[in-house]
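Student: Could we go through this structure and ask what each label rests on?
Tutor: Yes, with the model in view.

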Amino acid sequence: MLIRDETPDDHRAIHGVVDAAFAHMPYSNQKEGDLVDALRGAGALTLSLVAEEAGEILGHVAVSPVTIDGAALGWFGLGPLAVLPARQRQGVGSALIEAALSRLRAAGAAGCVVFGEPAFYGRFGFAKFDGLCFAGGPPELFLGLSFGPETPRGSVDYHPSFALVG
Ligand SMILES: CC(C)(COP(=O)(O)OP(=O)(O)OC[C@H]1O[C@@H](n2cnc3c(N)ncnc32)[C@H](O)[C@@H]1OP(=O)(O)O)[C@@H](O)C(=O)NCCC(=O)NCCS
């Protein structure tokens, strides 16, 4: 399995993988594929990584910038993260997260937030981050990971595409 940046030829396949992954998720609005397209269209896809095997896209992760109290402090939001249902629980999602975090660190990012299950994201270092808050959902599912000594405080906002589409 290869983790690589998306190319224009991948856009349709990514949309399909994201839609398939979220199709039966109770918390989904079934618009995650559109959200990835909107982020791309807005120039806000900081990272768009695919997991490919034998020419097939098995999974995808998007990373976009977030603000803290309205300021761009080098923090990013991970998600949506999607793996084809038939290929879940085989390490694809973990490989995508690790690649995304490694890319962010190498690029000098300050940190990353994610909205999701602590039981899953905790294994990559995400944890409840005192000082960062998020109005978009239950606080116990909002997690942060600082890549340096910074411990920013404030309210986190994702890119406006999340409110428009997501
Ligand atoms: C979440 C998702 C991306 C994980 O991808 P994956 O390739 O299945 O993940 P991996 O195989 O790398 O890791 C699976 C491990 O994570 C755990 N895990 C996966 N999703 C989990 C969740 N929601 N809560 C708790 N643990 C979870 C599994 O128990 C498994 O642990 P194990 O290997 O010890 O049994 C995938 O299940 C998916 O696409 N789900 C639908 C879309 C979605 O919910 N995306 C995330 C939104 S925040």
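**Labels and their grounds**

Student: What makes the pair formed by R89 and the ligand a polar contact?
Tutor: In this predicted model, a polar backbone atom of R89 is 2.7 Å from an oxygen atom of the ligand. The cut-off for a pair of N or O atoms is 3.5 Å, so the pair counts as a polar contact.

Student: How do you know that Q88 and L81 also qualify?
Tutor: Q88 has a side-chain N or O atom 3.3 Å from a ligand oxygen, and L81 has a backbone N or O atom 2.9 Å from a ligand nitrogen. Both distances are within 3.5 Å, so both pairs are polar contacts. The protein covers 73% of the 890 Å² of accessible area that the ligand has on its own.

Student: Which residues are closest to the ligand?
Tutor: They are Y27, R89, G91, G93 and S94, out of 18 residues surrounding the ligand.

Student: Why are β4 and β7 called edge strands?
Tutor: The open sheet has the order β4-β9-β7, with mixed pairing. β4 (67–68) and β7 (132–133) each have a single partner strand, so one side of each lacks a neighbour in the sheet.

Student: What makes β7 and β9 a pair?
Tutor: Pairing needs at least two bridges, and 2 bridges join β7 to β9 (residues 154–157), so the strands pair. They run parallel, and C133 has S155 of β9 as its bridge partner.

Student: At what angle do helices α1 and α2 cross?
Tutor: The axes of α1 (residues 11–22) and α2 (residues 32–41) cross at roughly 145° and come within 7 Å. The contact residues include I14 and F22 of α1 and V36 and R40 of α2; the contact divides into 4 nonpolar, 3 polar and 5 charged residues.

Key. Residues are numbered from 1 along each chain as its sequence is written. This is a predicted model: local features need pLDDT of at least 70, side-chain atom pairs count only at pLDDT 80 or more; totals for chains, interfaces and linings use all residues. Side-chain values use heavy atoms; hydrogens and water are left out. Axes are lines fitted to C-alpha atoms, for helices over the stretch in contact, and angles run from 0 to 180 degrees between N-to-C directions. Helices (H or I, at least four residues) and strands (E, at least two) are DSSP runs, numbered from the N terminus. Contact means heavy atoms within 4.5 Å. Ala, Val, Leu, Ile, Met, Phe, Trp, Tyr, Cys and Pro count as nonpolar, Asp, Glu, Lys and Arg as charged, and the others, Gly among them, as polar. A residue is near a molecule or strand if one of its heavy atoms lies within 4 Å of it. A polar contact is a pair of N or O atoms within 3.5 Å; within protein, one must be able to donate a hydrogen and the other to accept it, and residues adjacent in sequence count only if both atoms are side-chain atoms. Accessible areas come from the Shrake-Rupley method with a 1.4 Å probe; for residues, only the protein chains shown count as cover.
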